[in-house]
Amino acid sequence: MLIHLSSWPEIDARLNTTKTVVVPIGSNEQHGPTGLLGTDWLCPEIIAHAAEKQDESLVVAPTFNIGMAQHHLAFAGTISLRPSTFMAAITDWVSSLSRHGFERIYFLNGHGGNVATIEATFAEIYAEWSFVEEQPPFVLKLKNWWDLPGVHSFCTKMFPTGHGMHATPSEIAVTQAAYPELVKTADLDPKIAPVGPIRDALDYRARFPDGRIGSDPLQASPEKGQQIIDVAVPALLRDVADFSAEALP
Ligand code: NI
């Protein structure tokens, strides 16, 4: 069940049988000359929506599609939040979902740059309850889609060279599987992008002129993306089921 394509009585009724909700979360940022700007929010959305198609009992929230992308701001189309804005917004999403009765909130993340801030947000939220010696009415979980069991090893086996860290062939392949009409090409020089530290936007643009880090995204194809989705979907359904069944003290 997708929240944004449901009515409130439908969500109200579903809360009688499930207290878990999956929130795809990512970032809207440059992904090299061929990658879609939405790659990091599209990947968790594509995987979560495919999982919901297989198991309609899965409740999926709208995608939280803007995140920590200040270092990509020297590339057109990138939209970023400050960490403080991101934390405030996640907190309000959690409060809204909790208010309706969702007790287990599972963030399926598509952007490595979001991880530290999401974890800091969880700590801020939990601290409010810890200080007053009360249990929060919810538990939170963060999982990167590539960390779902079996996914990362499948991707690195599929792309043994030029997988890299940003604008990877695996994430671009996942978007190509969902949007094959948007497959793009470009002359990439060098074929495999350089690697280095991530700092501010101008430093990033100078080190990684076309936006990629360590990757050769031209290895991506819609067929390879579908294979990755086919590994990720059952892994997500299992991980969410385990989270839902986890005994709480
Ligand atoms: Ni990405």
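# Exercises on a predicted chain

Glu133 is found in the loop between H4 and E3; here helices (H or I, at least four residues) and strands (E, at least two) are DSSP runs, numbered from the N terminus. Before you start: this is a predicted model, in which local features need pLDDT of at least 70 and side-chain atom pairs count only at pLDDT 80 or more, while totals for chains, interfaces and linings use all residues. Residues are numbered from 1 along each chain as its sequence is written, and side-chain values use heavy atoms, with hydrogens and water left out.

## Exercise 1: the loop before E3

Work out what the backbone and the surroundings look like at Glu133 and at Pro136.

Step 1. Start with the backbone of Glu133: its phi is near 55°, a positive value in a residue other than glycine. As background, most residues other than glycine have a negative phi, and most peptide bonds are trans.

Step 2. Check the cover. Glu133 counts as exposed because its relative accessibility is 77%. The classes are buried (under 20% relative accessible area), exposed (over 50%) and partly exposed (in between), with a 1.4 Å probe and protein chains only.

Step 3. Move on to Pro136, which lies in the loop between helix H4 (115–131) and E3. At 22% relative accessibility, Pro136 is partly exposed.

Step 4. List its partners. Leaving aside neighbours within four places in sequence, Pro136 is in contact (heavy atoms within 4.5 Å) with Tyr126 and Trp129. For a spatial marker, take Gly101: the C-alpha atoms of Pro136 and Gly101 are 12 Å apart, with their positions 35 residues apart in sequence.

Step 5. Finish in the strand itself. Lys143 sits in strand E3 (residues 139–144), and with a relative accessible area of 18% it is buried. Beyond its neighbours within four places in sequence, Lys143 touches Tyr106, Phe107, Leu108, Asn109, Leu148 and Asp239.

## Exercise 2: the nickel site

Which protein atoms are the donors of the nickel ion, and which parts of the chain does the site tie together?

Step 1. Collect the donors (N, O and S atoms within 2.8 Å of the metal, or 3.2 Å for Na, K and Ca). They are His31 (NE2), Asp40 (OD) and Glu171 (OE), at 1.9 to 2.2 Å from the nickel ion. Keep in mind that water is not among the atoms, so sites may look incomplete.

Step 2. Write the spacing along the chain: H-x8-D-x130-E.

Step 3. Place the outer two. His31 is in the loop between strand E1 (20–25) and helix H2 (39–54), while Glu171 belongs to helix H6 (residues 169–178), so this pair ties together parts that are 140 residues apart in sequence.

Step 4. Look at burial. His31 is buried, at 0% relative accessibility, and Glu171 is buried too, at 6%.

## Exercise 3: two backbone oddities

Describe the backbone at Ala167 and between Asp189 and Pro190.

Step 1. Ala167 has phi near 60°, a positive value in a residue other than glycine. Its place is the loop between helix H5 (151–158) and H6, where Ala167 counts as buried because its relative accessibility is 0%.

Step 2. From Asp189 to Pro190 the peptide bond is cis, with omega near 0°. Pro190 itself is in the loop between H6 and helix H7 (201–207).

## Exercise 4: Leu81

Is Leu81 buried or partly exposed, and what does it touch?

Step 1. Locate Leu81 in the loop between H2 and helix H3 (83–100).

Step 2. Its relative accessible area is 22%, so Leu81 is partly exposed.

Step 3. Outside the four places on either side in sequence, its contacts are Phe64, Ile66, Gly67, Met68 and Phe86. Ser153, by contrast, has its C-alpha 31 Å from that of Leu81, at a sequence separation of 72 residues.

## Exercise 5: the whole chain

Does the radius of gyration of the chain agree or disagree with that of a compact globule?

Step 1. Count the elements: eight helices and three strands, in the order α-β-α-α-β-α-β-α-α-α-α.

Step 2. Apply the globule rule (2.2 Å times the number of residues to the power 0.38, with the radius taken over C-alpha atoms). For 249 residues a compact globule would come out near 18 Å, and the chain has 18 Å, so the two agree.

Step 3. Add the extents: the C-alpha trace spans about 55 × 35 × 30 Å along its principal axes.

Step 4. Add burial and contacts. Of the 249 residues, 50% count as buried. Among contacts between residues at least 6 apart in sequence, 75% join residues at least 24 apart.
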